[in-house]
Amino acid sequence: MSKFTDNSRPSYLSQNDLGPWGVYLQQIDRVTPYLGSLSRWIEILKHPKKILIVDVPIEHDNGEVFHYEGYRVQHNILRGPGKGGVRFHPDVTLSEIIALSGWMTIKNAAVNIPYGGAKGGIRVNPKNLSNNELMRLTRRYTNEISSIIGLNKDIPAPDVGTDMQIMSWMMDTYSTKKNYTIPGIVTGKPISIGGSFGRQKATGRGVFIIGSKIASKINLNIINSKISIQGFGNVGSVAANLFFKAGAKIVAIQDDKTTIYNPNGFNIPKLQKYVTFTRSIKDFNEGEKINDSKEFWSIPCDILIPAAIEDQITINNANNVTAKIILEGANGPTTTEADDILRDKGIILAPDVITNAGGVIVSYFEWVQNLSNLLWTEQEINLRLNNIICNAFDAIWELANTKKVSLRTAAFIIGCTRVLQAHKTRGL
Ligand code: NAD
């Protein structure tokens with residue numbers, strides 16, 4: 001035993017509660033025994049490479065000046081530039097952003113695209129800001145993190161609370177600073193300024209692809225299957241729509257304000273239109289409203305899709321889940337204790353690092369198109385997405401069966417092996 005043990009608890013996080021970073025570390029500990037001689041290098045995955053905390057002051061429309069806390073974390077850049085979204089949410093913490101950047105490292109390696117892992121965010125409720133305030137916040141944040149992002153260094157993308165418009169402002173701010181247009185500095189842009197066909201729907205599409213593959217493996221017919229979804233934003237609503245079109249019934253939906261239930265299934269295109277205007281499912285006039293948000297987890301369904309934020313399926317509700325399949329559209333929605341409960345109940349859990357990888361895979365296509373000044377068709381994008389995500393999933397499924405481990409552990413074995421092999425080959 002080394003005298004330099006347990007240096008994986010960073011001084012800058014609470015020692016009593018590491019938050020989402022603690023969940024990530026537990027997942028790394030679980031996979032370590034399966035990594036053979038590469039486990040010698042495991043600490044590399046337990047230490048984020050670079051953390052930037054920035055103060056983002058803006059003037060509000062009423063003349064008041066307010067300071068927001070922002071972050072950009074590069075967890076690992078051994079296999080390529082950092083890649084990961086930017087989150088605008090009032091509960092963003094440093095622990096959360098570090099954890100999300102770590103999951104990006106594992107995800108990019110698990111699907112074998114040439115990126116490291118990164119993530120950024122601001123502690124802000126974007127719904128409380130006017131469009132102009134949001135623009136000022138985005139531009140100032142981009143300026144503050146511009147010292148560490150870059151076309152070949154770290155490429156941001158949308159996440160919770162950010163969208164194509166925010167990416168456009170980020171791209172414009174960065175380009176203006178460099179005096180020429182650099183579309184590839186962010187992905188998830190509108191097509192008109194270098195975005196890719198298929199990017200907006202890519203994450204939800206990936207969730208649908210993985211869900212359909214698992215359903216066919218366990219002989220679950222998607223037609224008339226019952227699905228519950230937490231989060232009706234980019235990921236949740238696109239996945240809902242694809243399952244709806246395939247004949248499934250989306251029986252329960254929860255967002256940050258409301259839970260709604262309809263045993264006959266919601267009309268998803270109608271709900272999507274409604275949410276475009278109201279930014280919430282609140283007061284949608286179909287189905288019944290469920291007052292206790294915790295009840296959401298026990299609503300009978302075949303497939304459960306957490307597509308909002310971390311730490312949602314926990315020791316407190318995992319026993320109530322009735323689904324046969326859980327598709328992690330969100331990053332980090334399930335704690336390690338809940339993982340064990342779900343496994344003991346025989347529920348198949350498709351982990352975030354493969355299930356929501358569609359977004360970063362098509363972000364990668366967007367970046368490649370930007371670097372080479374090409375524009376691929378949507379059909380081409382979807383075909384390439386399908387190939388990469390299905391091949392990655394098949395390898396994970398096979399490894400899980402051979403090693404008798406969960407899909408999460410199998411995905412982590414593949415991802416960690418690729419990163420640590422790169423580290424070993426490159427050397428210290
Ligand atoms: P979004 O901002 O478009 O939507 C988030 C949704 O979650 C909204 O409906 C919001 O109301 C809901 N929500 C937020 N907090 C909640 C809470 N406490 N309880 C219930 N619902 C809550 O975000 P998104 O882009 O759809 O991202 C959702 C998840 O998917 C995140 O975990 C994100 O990291 C992950 N993800 C997103 C992408 C992407 O391409 N956008 C890619 C990979 C993973």
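A salt bridge is a side-chain nitrogen of Lys or Arg within 4 Å of a carboxyl oxygen of Asp or Glu. Keep that in mind for the exercises below, and remember that you're working with a predicted model.

**Exercise 1.** Work out what joins R408 to E328, and where the two residues lie.

*Solution.* Start with the distance: the closest N and O atoms of R408 and E328 are 2.9 Å apart. The cut-off is 4 Å, so this pair is a salt bridge. Next, find the two places in the chain. R408 lies in helix α12 (residues 407-426), while E328 is in the loop between β11 (325-327) and α8 (336-344), so the bridge ties together parts that are 80 residues apart in sequence. Last, check the surroundings: R408 and E328 are both buried.

**Exercise 2.** Put the R72–D154 bridge next to the R384–E380 bridge: for each residue, decide whether it is buried or partly exposed.

*Solution.* Take R72 and D154 to begin with. Their closest N and O atoms are 2.6 Å apart. R72 sits in strand β2 (residues 65-76) and D154 in strand β5 (residues 154-158), which puts them 82 residues apart. Buried means under 20% relative accessible area. R72 has 0%, so call it buried. D154 also has 0%, so D154 is buried too.

Now for R384 and E380, whose side chains meet at 3.6 Å, N to O. Both are in helix α11 (residues 378-403), 4 residues apart, or about one turn of the helix. R384 comes in at 35%, so it's partly exposed. E380 has 30%, so E380 is partly exposed as well.

**Exercise 3.** Classify the ring pair Y115 and W367, then see which cluster the two belong to.

*Solution.* A pair of aromatic rings is described by the distance of the centres and the angle of the planes. Here the centres of Y115 and W367 are 5.1 Å apart and the planes are at 55°, so the pair is tilted. In sequence the partners are 252 residues apart: Y115 is in the loop between α2 (94-110) and β4 (117-123), and W367 is in helix α10 (residues 358-372). Y115, with 1% relative accessible area, is buried, and W367, at 8%, is buried too.

Another pair to try is Y364 and F365: with centres 6.0 Å apart and planes at 45°, this one is tilted, too. Put the pieces together and you get one aromatic cluster of Y115, Y364, F365, W367 and W376. R384 turns up again here: its charged end sits over the ring of W376, 4.0 Å from the centre.

Notes. Residues numbered from 1 in each chain as written. Predicted model: local features only at pLDDT ≥ 70, side-chain atom pairs only at ≥ 80, totals over all residues. Heavy atoms only, no water. Phe/Tyr/Trp six-rings, centres within 6.5 Å; stacked < 30°, edge-to-face > 60°. Buried < 20%, exposed > 50% of the residue type's maximum accessible area, 1.4 Å probe, protein only. Lys NZ or Arg CZ within 6 Å of the ring centre and 35° of its normal.
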